[in-house]
Amino acid sequence: MDMFLSDGYDECMLPHRRRPFSIWRMCTHVTLLITASVFPFLTSASSSLAEASAESAALQFTSPTPASQLSTLGTFYSAQHPDWPPFPANVHDLPAWDLGNGCFLLADADFDYEAFAKAVEAVSYTSGEYPMISRDYARDDLWISLNAVVNGRTDFTADLTIHTPETSTSASWDLYYARDLDWQTDWNFLMRCPTNIIGQTNVYARYLPDEIAFFMARETTTNCDLIVTTNVTPQQMAELLVPPWVTVTNVNYTGAAVARGIFANGNCCGLPIDAGVILSSGDITDAAGPNDDDRKGQLVGGPPDPDLNLLVGGSGSADAAILEFDVISTNACLLKFRYVYASEEYPEYSGSMYCDPFAIFVTTNRVGANWINTISNNIALVPVDAHIPVTVYTVNGGYEHAYEGVIPTNAPYYVDNHDPYNQAVSPYLIGEPVFNIQYDGMTVLLAAQTFVDACTTSHIKIAISDYTDSYYDSAVFLDEWSHDNSQ
Amino acid sequence: MQKIIYTLIASVCISWALSKPACGDLWVSNLDQFPIGSAAVGSDFWIAQSFYIDISDSNQYALDAVQLLMNPATGSPNGFAVSIFSAPSDDSPRDYLGSLAGSAAPVAGGLYTYTASGITIPGTGFYFVLVTSSTPTNQGAFNWSASDSFTHNGSWYINSAYYTSSDGLNWQKHIRDEVFQMAIHATIVPEPATGWLLGVGLLSLSLCRRRLAREFCIFHRA
C-alpha cells in the first residue's frame, strides 16, 4: 500500500519494490523529526511490533485517547498495519492508546490510507511546491522531502531536501539517521548541511548501511575542536583502516612526521567522519578550525611522489604524505575506505595547477620488491567518472572573480567552508564557516572500494601532496573501519 | 712503460677534474624561467629567497656557489652582500650559516656568481639566500630578477616563498608572489664511513707504492 509520495520521487529508483513512503511532521522551529523508509518493512523492529500487537489485544477494550489530548510527537505504531515502521508523529490526528515511554498505538482500523495516498498523488504541484501531507506547512516550518532513493551495490543513498524555516538564521543544519525508531532511538550524526542562499539545502545522504533509514534534522548547536595527534605509529594507522580479519604487514610511512596521525571529534566539527586517520600535505595540527585563514599551510619538507605526478600528468608534487602497507585476507572481501578530502586551495585555486592530488592505489602487481602503480590502480575517484582522481581541480565549487573566475567542476561533490577572502560560485558558496576545520572547502563523504582476493597480498598506497608548491595545504580524513561503515 | 702508465693516470685525473664545474654540482636553478620583474635590494629592503631539501635526502652538502640573476641597478647603490641562513622549520631566516664572496656592485644586468667557503648544509633543511646592501633604496637599489613559479629538481626546491625585511630582524613572508632567480651549486660531503674507507684505500696505495718503488730501485741497482 502506498502512503505518501514525496515530490520528485522517481519510481524507477526502486524497481521491483513497493513504493517507499515518507512522513513529515513539524515539531518546533529548531527540531524536526522525519522518517523516511527506504523499504516499507521494518524487520529490525519486529520484536517491538509483536509486543505492540499483544498490547493491542488488551487495549481494544479501552477507549483510545483523542488526538487532541495526545502528544504530537512520539512513536506511533499502526494497529491496522503492524508491519509498518512507526510514525514519528500523529500525522493523521488519529486517536491512539498510550503505551508509555512516548509510544502510542494508533486507532486507525477504519482509516483509509490508500485513499489518502491517492488524494495526495492527485494533486499536481507546480515548481517550488511540495506535497503537504497531513497539513499545510507554513513558511516558518522545518521539513524534509525525500526526493529519491538510490540503491547501490553495497550501500544506499537518499536524496533529501531540508526545507528550513524562513525565520531561522541558522547557517547549517545537522542531519542524523537511525536504523529504526524504537523505545530509545539511537540517532547517528550523518552530515552537516550548510544552508544555501535560497534558504534550503539539498543533500545526498550517501553510504547508508541499511535498507531502512530514518532521518532527523536539527539546527547546528554544537561545534567542538577537532582533536589531532601524531602520537601513533604507521602500523596503528594502517590497522585502523581495515577490517580485523585482514592482516596488515610491511607498513611504511614516507613524509614529514607532523603530516600524519589520527583525529577525533570529527562529527561535532561537522565532518561526516567522526574519527580516523588524517594525512596532510602540511602539519595536521593546522587542520583544526575555525577557518580564519585563506592560506593556511606550511612547508614540512615532504618528498614528491612519482605516482601522484603520474596521476596529474606533471612533476609538481611536493610535501607528500604517503602511507603504504600490504594486506592479506583469508577470505575474499571488500575493502572500503570512506574519506573526505579537504583543501586550503579552495576556492581561489580551483582551476589552477595547484591541484593537490590524493589517491589510494591498490595493486597486486610487482616487479621484485617494487609494487607497480598506474593511473588505473587508483580507487579514490570522483563518483561521476571512473577515471578522474580527486583533486582541487576535479572537484570544486568554482571561484567567483571578475577576471580570474573559475566555473565549478563536479560541484555536487563539493562542500564549501567559507574562505574569509574568496568566494566559490553561487549556489555553492556559504555565508560562514560552519565546519570547525581550517580548510576552505572539501568534498562530501566519498568512498573508495575494491575487492581483494583471498590469500592474495595486495599493496595499498594512500598518498596526498601539495602540487606546484608546498603551501595552501590539503588533507584527507579517512574513516576508521567499523562494521557499520565499511561493509 | 711505467712512465706511460703514470702519464695515463695523470691524464685521466686531470680530465676528470676539468670535467667538473668550477663551482660544484648544480642542484637546482630557476634561471631558465621567464622573468616577470625584479625587486629592489637596499639596506632598508632585505630579501631572503627560500630554498629547501626534502626529508628523503640524507646527504650533507658543501655549498660551493650561488648564482644570482640581476637586473640593472638604479641610482648609486653599493655594498651588495649575499649570505646563507637556515631555519629549523618553514619560518623566517634565523641561523646565519655564512657569507658568500663575489661582486659587491652587481650594477649591470646579468648573472653573478657568489662563492661559498666552509658552509655545510645538511639534506632535510630549510635555507635562505639573503641579500642586502649598504645603501638605502632611495639612494640606489640593486635589482634581483624574479620569475613566478616554484622549481624543484630531485630533493632540492627553490620555494615559492620569500621574506622581506627593513632591518634584517623582522621578516614578512610572501607566498605565491615572486620567486627570485638563482642557481645553487654544492658538493656532496662524503659520509664519515666513506671517508674512512677512502683513507684506508689511500694508505694502502701509499704502502704499495713504497714497496713498488723499493723493488724498482733494487732492480735499477742491479
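This report describes a predicted model with chains A and B, taking confidence, chain B, the contact between the chains and the nonpolar cores in turn.

**Confidence in chain A**

Chain A has a mean pLDDT of 82. Of the residues in chain A, 82% reach a pLDDT of 70 or more. Two segments of chain A are listed below, and over each of them pLDDT stays under 50.

| Segment of chain A | pLDDT | Contacts beyond four places in sequence |
|---|---|---|
| Residues 1-56 | under 50 | 136 contacts |
| Residues 127-135 | under 50 | 15 contacts |

The contacts that the model has for residues 1-56 of chain A therefore rest on positions with pLDDT under 50, where pLDDT is the predictor's confidence in each residue.

**Chain B**

Chain B contains two helices and 15 strands. It has 222 residues, of which 36% are buried. Among the contacts in chain B with a separation of 6 or more, 80% are between residues 24 or more positions apart.

Strand β2 of chain B covers residues 37-41. Because four of its five residues are buried, this strand is largely enclosed by the rest of the structure. Strand β2(B) pairs with strand β10 of chain B, residues 140-147, in the antiparallel sense, and the pairing runs over five bridges. Within this part of the chain, Ser38(B) has Ser145(B) of β10(B) as its bridge partner.

**Contact between the chains**

Chain B contributes 15 residues to the contact and chain A contributes 13 residues. On the side of chain B that touches chain A, the most is given by strand β12 (residues 156-165), which supplies four residues. By residue class, that side of chain B consists of six nonpolar, six polar and three charged residues.

**Nonpolar cores**

The largest nonpolar core holds 160 residues. The members that touch the most other members are Ile278(A), Leu279(A), Ala475(A), Phe477(A) and Trp144(B), so this list draws on both chains. Strand β4 of chain B (residues 60-75) provides the largest share of this core, with eight residues.

Leu279(A) illustrates the packing around one of these members. Leaving aside residues up to four places away in sequence, Leu279(A) touches Ala259(A), Arg260(A), Ala321(A) and Leu323(A). Its other partners are Ile462(A), Ile464(A), Ala475(A) and Val476(A). Ala475(A) is thus a contact of Leu279(A) and is also named with it among the core members that touch the most others.

A second core is separate and has 14 residues, including Leu94(A), Phe104(A), Leu106(A) and Ala107(A).

Definitions and conventions. Residues numbered from 1 in each chain as written. Chains lettered and ligands numbered in written order. Predicted model: local features only at pLDDT ≥ 70, side-chain atom pairs only at ≥ 80, totals over all residues. pLDDT = per-residue confidence, 0-100. Contact = placed C-beta atoms within 7 Å. Nonpolar A, V, L, I, M, F, W, Y, C, P; charged D, E, K, R; others polar. Buried ≥ 20, exposed ≤ 12 C-beta atoms within 10 Å, placed from the backbone. Pairing = 2+ DSSP bridges. Core = buried A, V, L, I, M, F, W, Y, C linked by C-beta atoms within 7 Å.
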